[in-house]
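Trainee: I am new to this structure. Please show me how to read it, step by step.

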Number of protein chains: 2
Amino acid sequence: MPTRTAVPKAAGEPKPVTTVERIADELRRGIKSGRFAPGQRLIEADLTRLLNVSRGPLREAMARLAGDGLVRIEPNRGVTVRTLTREEVQSIAAIREMLEGLAARLAAENIDRDGRRAEFRRAWQDMTSERARSDPGDYVDANERFHTTIVRIGGNAPLEQLLEQLRTPLFRFQFRSRFTMTNLARGHQDHSAIAKAILAGDADAAERAMRRHLRNSTKLIQSLPDEAFA
Amino acid sequence: MPTRTAVPKAAGEPKPVTTVERIADELRRGIKSGRFAPGQRLIEADLTRLLNVSRGPLREAMARLAGDGLVRIEPNRGVTVRTLTREEVQSIAAIREMLEGLAARLAAENIDRDGRRAEFRRAWQDMTSERARSDPGDYVDANERFHTTIVRIGGNAPLEQLLEQLRTPLFRFQFRSRFTMTNLARGHQDHSAIAKAILAGDADAAERAMRRHLRNSTKLIQSLPDEAFA
DNA sequence: CCTAATTAATTGTCAGACAATCTTATATTA
DNA sequence: TAATATAAGATTGTCTGACAATTAATTAGG
């Protein structure tokens, strides 16, 4: 009988302390990576076996994910990975356009605090590195880091958390759409404009550039065939 | 004296079918009304007794509220009603300014769909009614309905949910600040401008007016003494 | 092949248990 | 007395097992 109650605590790492947190982390990762597909049912019995936990913490973790908008809980019908209709994608995109725009503005305003300019330069260089240019996975990662760095530099913590929430359900679309050469080129133009504006401390330009970028990305996602949506 | 809970019932609110939902509802109301004060610890044993439920569903409900940002869960230290620092209030206000502005824009764009113009007129009249003008509680209710109506008319469901989340932790400030005559007058000016722009279908003006209103409200909240914050 | 009855799977909740951790009260020491 | 260590109590985190209610799957009957 595998009664693995306590996880060996890896010292020094910002790792989940609690079983609930560990489960939530695991599921979050699984959903983001696509291992749990949108619409898929998450059955308690399966997951308790898979993760070696009891139903209590598992259900708590599910409740947290539901609060984050990653899964849907329907009474007596259980939990499913959240799906998005075209309309919902559009709605979320409109929200993101406003908020990522705000984040870019804040980043431009605060670029000269602490070591933020250096931090931003690093993220920006990662985007243009050879690795990111050749490997799609690396590119997606660098792209995500670019955006999260901008928000972090802005220094609005609630905004950081909120954008994380809004991006996650859209994440899977990136793997399908982004990788034609013209798309990459366009994305690069957008990113350049954003980076330039932020480094120049031009808040208006940064916001404008970011919003334009978001609109372009959205157009790309919306051009996907119906099968990509719920 | 019975505590006055000024939490308006949403129109077609679906009744909680599940114990977890009932608990979450109850606690949400309690937090919004101030019966559970910011910073207050929510102890499982007390609440299971108070609500006649077992720990499982209670903890699930807590997890959902945590996802909504209403409470904080700290490992091994339990659940507390979320508190806000001045800085956090400012951060949330910046987000709200963008999103309520978007909502106003969308409302103006969609004011002539279905019966939305009539619906909006009703909410706007409630604001200026005698009842709202005399009783602070009624005014706060009408004010909340005014804002939620605008978002609903805009037709962006995720935005509706998000703004609900962002408003709730700020709700308690309304009871302390809003009620000097000059404040009411200023608020009325703002609201008039918003209503006029929306009814005229002028999206730009609606967004501008709403953002101005939000900035004014924020200034009011920020002018509160330190005791009002965490 | 479609509909209804039966069975299986799954969820929602409860109760009790116990170790780990945090908090408070008490005793000890500088 | 103040600071600190220690013990006692309170609270959380998790597990197990149970059972009714509901939903999904299967089989039987028309």
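**Reading the fold, the cores and the DNA surface**

Mentor: Start by counting elements. This is a predicted model. Chain A holds 11 helices and 3 strands.

Trainee: What pattern does chain A follow along the sequence?

Mentor: Read it from the start: α-β-α-α-β-β-α-α-α-α-α-α-α-α. Now check the overall build. Chain A has a radius of gyration of 19 Å, close to the 17 Å from the globule rule for 230 residues, so it is as compact as a globular protein of that length. Its C-alpha atoms fill a box of roughly 60 × 45 × 30 Å along the principal axes.

Trainee: What share of the residues of chain A count as buried?

Mentor: The share is 32% of 230 residues. Next, look for cores. In soluble globular proteins, nonpolar side chains tend to be buried together.

Trainee: Which residues touch the most other members of the largest nonpolar core?

Mentor: A:Ile198 and B:Ile198 do, in a core of 72 residues. Take B:Ile198: among its contacts beyond four places in sequence are B:Ala104, B:Ile111, B:Phe120 and B:Ile150. Another core lies apart from that one. This other core has 34 residues, including A:Val20, A:Leu70 and B:Leu27.

Trainee: Which residues come nearest to DNA strand D?

Mentor: Of the 19 residues around DNA strand D, the nearest are A:Thr19, A:Ser54, A:Asn76, B:Glu44 and B:Gly78. Then find their elements. Helices H1 (19-33) and H3 (55-67) of chain A and helix H2 (44-51) of chain B each give two or more residues to this surface. H3(A) gives the largest share, 3 residues.

Trainee: How many residues of the surface near DNA strand D are nonpolar, polar and charged?

Mentor: That surface has 6 nonpolar, 9 polar and 4 charged residues.

Methods: Residues numbered from 1 in each chain as written. Chains lettered and ligands numbered in written order. Predicted model: local features only at pLDDT ≥ 70, side-chain atom pairs only at ≥ 80, totals over all residues. Core = buried A, V, L, I, M, F, W, Y, C linked by C-beta atoms within 7 Å. Buried ≥ 20, exposed ≤ 12 C-beta atoms within 10 Å, placed from the backbone. Contact = placed C-beta atoms within 7 Å. Near = placed C-beta within 6 Å. Helix = DSSP H or I, 4+ residues; strand = E, 2+ residues; numbered from the N terminus. Nonpolar A, V, L, I, M, F, W, Y, C, P; charged D, E, K, R; others polar. Rg over C-alpha atoms; globule rule 2.2 N^0.38 Å.
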